[in-house]
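Hi everyone, thanks for coming. I'll put the sequence and the model up on the screen, and then we'll walk through it together.

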Amino acid sequence: MIGHRVVRENPPMSQATLQTSRIRLAPLSDEHLEHEIELDSDPEVMRYLGDGRPRTREEVETLHRGRLAAATHVPGLGFWAGFVNEEFVGWWILEPPERADQGPVDGQAELGYRLLRRHWRKGLASEGARELIRHGFEDLGLTRVFAETMAVNAASRATMAAVGMQHVRTFHMEWEEPLPGSELGEVEYAISRQLWLAHRSTQAHHCATPQRR
Ligand SMILES: CC(C)(COP(=O)(O)OP(=O)(O)OC[C@H]1O[C@@H](n2cnc3c(N)ncnc32)[C@H](O)[C@@H]1OP(=O)(O)O)[C@@H](O)C(=O)NCCC(=O)NCCS
């Protein structure tokens with residue numbers, strides 16, 4: 001008897017678990033909800049986000065469902081919860097563009113990050129962001145990664161610059177409840193696959209250059 005061949009379509013690419021030298025980046029799931037609630041309850045974390053005030057548990061529960069849904073739009077993209085030595089430090093995201101002015105969905109993703117205040121200024125946001133940019137270009141075939149923030153959000157802008165993204169534009173949006181500083185607008189930073197590859201080869205060259213001391 002001749003057996004019949006089972007033809008399977010490739011399953012859609014699910015979100016990968018990633019590892020940097022310090023951070024384990026795990027696809028966001030229900031077990032991370034309490035961490036998201038803690039993160040969004042800090043007024044300093046929320047200063048430049050949403051309506052600028054901390055969020056209640058109920059609000060974060062609703063947002064959490066949307067965050068999980070973000071992983072269902074484009075295979076491989078979504079939210080990642082970050083852990084250092086098994087301790088939650090914050091989350092990172094790569095998501096498809098949502099507004100027409102952000103350009104095409106194909107080949108593009110928006111980068112974001114939000115860390116618990118006690119983990120700021122340790123290089124963690126940029127370490128995780130570098131890995132997501134690598135993952136986006138090398139594993140997911142993206143051609144452009146961009147990020148947006150309020151012009152006055154110095155920490156976020158510095159993180160974008162630290163990972164090799166360049167300022168593309170400053171623009172203005174209509175807000176129902178504008179936050180202080182919104183009169184200075186929003187900024188977009190971006191890095192193309194080509195630029196990322198060029199940076200990478202420069203860094204590899206520097207590493208290969210013998211030290212003169
Ligand atoms: C933005 C945020 C994620 C940065 O996290 P972080 O872990 O402190 O960032 P890093 O330590 O990786 O720092 C990255 C770069 O930004 C610089 N930086 C960080 N915070 C800064 C600040 N408040 N002012 C100026 N520069 C700052 C660092 O010096 C570093 O630059 P360098 O590599 O040239 O030395 C963190 O401040 C945060 O969670 N903020 C609240 C949420 C938020 O605003 N998210 C962005 C929304 S668009």
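Let's jump straight in with a question: which residue in strand 3 does Arg 24 stand opposite? Have a look for a second. Okay, it's Phe 83. Before we go on, keep in mind that what you're looking at is a predicted model.

So let's stay with that corner of the sheet. Strand 2 and strand 3 run antiparallel, and five bridges join them. Arg 24 shows up again on the strand 1 side: in strand 2, Arg 24 is the bridge partner of Gln 19. Strand 1 and strand 2 are antiparallel as well, with two bridges, and a hairpin of three residues takes the chain from strand 1 to strand 2.

Now zoom out. How many helices and strands does the chain have? Five helices and eight strands. If you trace them from the N terminus, you read β-β-α-α-β-β-β-α-β-α-β-β-α. Of the 213 residues in the chain, 28% are buried. And if you take the contacts with a separation of 6 or more, 62% of them link residues 24 or more positions apart.

Next, the sheet as a whole. It's an open sheet of eight strands, in the order 1-2-3-4-5-6-8-7, and the pairing is mixed. Which strands are at the edges? Strand 1, residues 18-19, and strand 7, residues 166-171, since each of those pairs on one side only.

Let's go to the strand 7 side. Strand 7 and strand 8 pair antiparallel over five bridges. Strand 8, residues 186-192, also pairs with strand 6, residues 144-150, again in the antiparallel sense, over seven bridges. Find Glu 188 in strand 8, because I like this one: Glu 188 is the bridge partner of Glu 148, and Glu 188 is the bridge partner of Arg 169 too.What packs on this sheet? Helix 3 does, touching strand 1, strand 2, strand 3, strand 4, strand 5, strand 6 and strand 8, and its direction makes about 160° with that of strand 5. Helix 4 packs on the sheet as well, touching strand 5, strand 6 and strand 8. Its direction makes about 160° with that of strand 6.

Those two helices bring us to the ligand. Of the 22 residues around the ligand, the ones that come nearest are Ala 125, Ser 126, Ala 155, Ala 158 and Ala 162. The elements giving two or more residues to that shell are strand 5 (108-115), helix 3 (124-139) and helix 4 (154-162). Which one gives the largest share? That's helix 4, with six residues. Sorted by class, the shell has 12 nonpolar, seven polar and three charged residues.

Now a single residue: Leu 94, in strand 4. Is Leu 94 buried or exposed? It has 25 other C-beta atoms within 10 Å, so Leu 94 is buried. Leaving out residues up to four places away in sequence, Leu 94 touches Leu 77, Ala 109, Leu 111, Leu 132 and Gly 136. Look at Glu 110 too: Leu 94 and Glu 110 are 16 residues apart in sequence, and their C-alpha atoms are 5.3 Å apart in space.

On to helix 1, residues 33-40. Its buried residues are His 35, Glu 36, Leu 39 and Asp 40. Seen down the axis of helix 1, they fall within an arc of 125°, so they line one face of the helix. Here's the background for that: an α-helix has 3.6 residues a turn, so residues three or four places apart point the same way. And what do the buried residues of helix 1 pack against? Helix 2 (57-69), strand 3, strand 4 and strand 5.

Last stop, two loop residues. Most residues other than glycine have a negative phi. Asn 85 isn't a glycine, yet it has a positive phi of about 50°. You'll find Asn 85 in the loop between strand 3 and strand 4, and with 8 C-beta neighbours inside 10 Å, it counts as exposed. Arg 121 has a positive phi too, of about 60°, and it isn't a glycine either. Arg 121 sits in the loop between strand 5 and helix 3. It has 9 C-beta neighbours inside 10 Å, so Arg 121 counts as exposed.

That's my tour, thanks for listening!

How values were computed
Residues numbered from 1 in each chain as written. Predicted model: local features only at pLDDT ≥ 70, side-chain atom pairs only at ≥ 80, totals over all residues. Helix = DSSP H or I, 4+ residues; strand = E, 2+ residues; numbered from the N terminus. Buried ≥ 20, exposed ≤ 12 C-beta atoms within 10 Å, placed from the backbone. Contact = placed C-beta atoms within 7 Å. Near = placed C-beta within 6 Å. Nonpolar A, V, L, I, M, F, W, Y, C, P; charged D, E, K, R; others polar. Pairing = 2+ DSSP bridges. Axes fitted to C-alpha atoms, helices over the stretch in contact; angles between N-to-C directions. Arc of directions from axis to C-beta.
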